[in-house]
Amino acid sequence: MAAVTTTGPAGRITVERLTQYSGTDLDDLCEATESAIVEGGGFGWLKVPARQVLENYWKGVLLVPERRLVVGRLDGVVAGSVQLSRAPRNNEAQAFAGTVTGAFVAPWARGRGIGRGIVSALEILAVELGLVVLNLDLRATQRAAIGLYESLGYQRWGTHPFYSQVEGDIVPGHYYYKHIGPK
Ligand SMILES: CC(C)(COP(=O)(O)OP(=O)(O)OC[C@H]1O[C@@H](n2cnc3c(N)ncnc32)[C@H](O)[C@@H]1OP(=O)(O)O)[C@@H](O)C(=O)NCCC(=O)NCCS
């Protein structure tokens, strides 16, 4: 799938599978991550790590064989991303399932459809890879993400009361799945 670009009042939005970083992609991704962490939705990070740590993390994402990356750009600048994680090769019994993880959009680029665009593109990729179901989990406080995933048809099947720890408080988390395959 080539990159898909739409231009509207919200700007030029491009959704793209990324297998290598070019130009300022890595810097842009790090900056977008930093702004998401500062705002409080840094997919796990609670404090902004050193830039080298972020760079190593994002370089590593492209090196993991079971991982795929979809990014969203606003006017060419990487503004958010989502990852598809597949079961390791030894786990044949769960090879049909993927996990949607690390979805985020930088605060300055939210509300323009980038989140919906990158998750929808990841679903298309998952179908192409022959996956049948997608799983994900998130903090119960992540209201925008809950709205996004529920509007895309993800079914909540459980809530973990001791899911995450933020500023000393234990926060519950929700678990979702979406059946995307033929079986
Ligand atoms: C969740 C997130 C990725 C959404 O990104 P976005 O680009 O702003 O989302 P979109 O503009 O594509 O909105 C898609 C849908 O999400 C939902 N949504 C987005 N923002 C919302 C908000 N503030 N409150 C409730 N629902 C919201 C809506 O259903 C929206 O559809 P609509 O525009 O038709 O109403 C973004 O808010 C984010 O990065 N949050 C912090 C990180 C996070 O929670 N990640 C998910 C955990 S894995």
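Here are some numbered notes to help you find your way around this predicted model.

1. Start with confidence, since you are looking at a prediction. The mean pLDDT of the chain is 95, and 98% of the residues score at least 70. Among the elements, strand β3 (residues 67-74) has the highest mean pLDDT, 98, while β1 has the lowest, 91.

2. Next, trace the chain from end to end. You should find 4 helices and 8 strands. Starting at the N terminus, they follow the order β-β-α-α-β-β-β-α-β-α-β-β. The radius of gyration is 16 Å, close to the 16 Å that the globule rule gives for 183 residues, so the chain is as compact as a globular protein of that length.

3. Now for the overall dimensions. The C-alpha trace spans about 40 × 40 × 35 Å along its principal axes. Of the 183 residues, 29% are buried. If you look at contacts with a separation of 6 or more, 61% of them join residues 24 or more positions apart.

4. The sheet deserves a slow look. How are its strands ordered? The 8 strands form an open sheet that reads β1-β2-β3-β4-β5-β6-β8-β7, with mixed pairing. The edge strands are β1 (4-8) and β7 (155-166), and each of them pairs on one side only. On average, neighbouring strands of this sheet are turned by 20° against each other, direction ignored. As a reminder, strands of a sheet pair through backbone hydrogen bonds, either parallel or antiparallel.

5. For a pairing you can follow by eye, try β7 with strand β8 (residues 169-179). These two strands pair in the antiparallel sense over 8 bridges. One place to begin is Ser-164, whose bridge partner in β8 is Val-171.

6. Which helix should you look at beside those strands? Helix α4 (residues 143-151) packs on the sheet. There, α4 touches β5 (97-105), β6 (133-139) and β8. The direction of α4 makes about 160° with that of β6.

7. Finally, turn to a pair of helices. At what angle do the axes of α1 and α2 cross? Helix α1 (residues 25-39) and helix α2 (residues 51-63) have axes that cross at roughly 115° and come within 10 Å. The crossing of α1 past α2 is right-handed. On the α1 side, the contact is made by Leu-26, Leu-29, Cys-30 and Thr-33. On the α2 side, Arg-51, Leu-54, Glu-55 and Trp-58 take part.

Terms used:
Residues numbered from 1 in each chain as written. Predicted model: local features only at pLDDT ≥ 70, side-chain atom pairs only at ≥ 80, totals over all residues. Rg over C-alpha atoms; globule rule 2.2 N^0.38 Å. Buried ≥ 20, exposed ≤ 12 C-beta atoms within 10 Å, placed from the backbone. Contact = placed C-beta atoms within 7 Å. Pairing = 2+ DSSP bridges. Axes fitted to C-alpha atoms, helices over the stretch in contact; angles between N-to-C directions. pLDDT = per-residue confidence, 0-100. Left-handed = near helix turned anticlockwise from the far one by under 90°.
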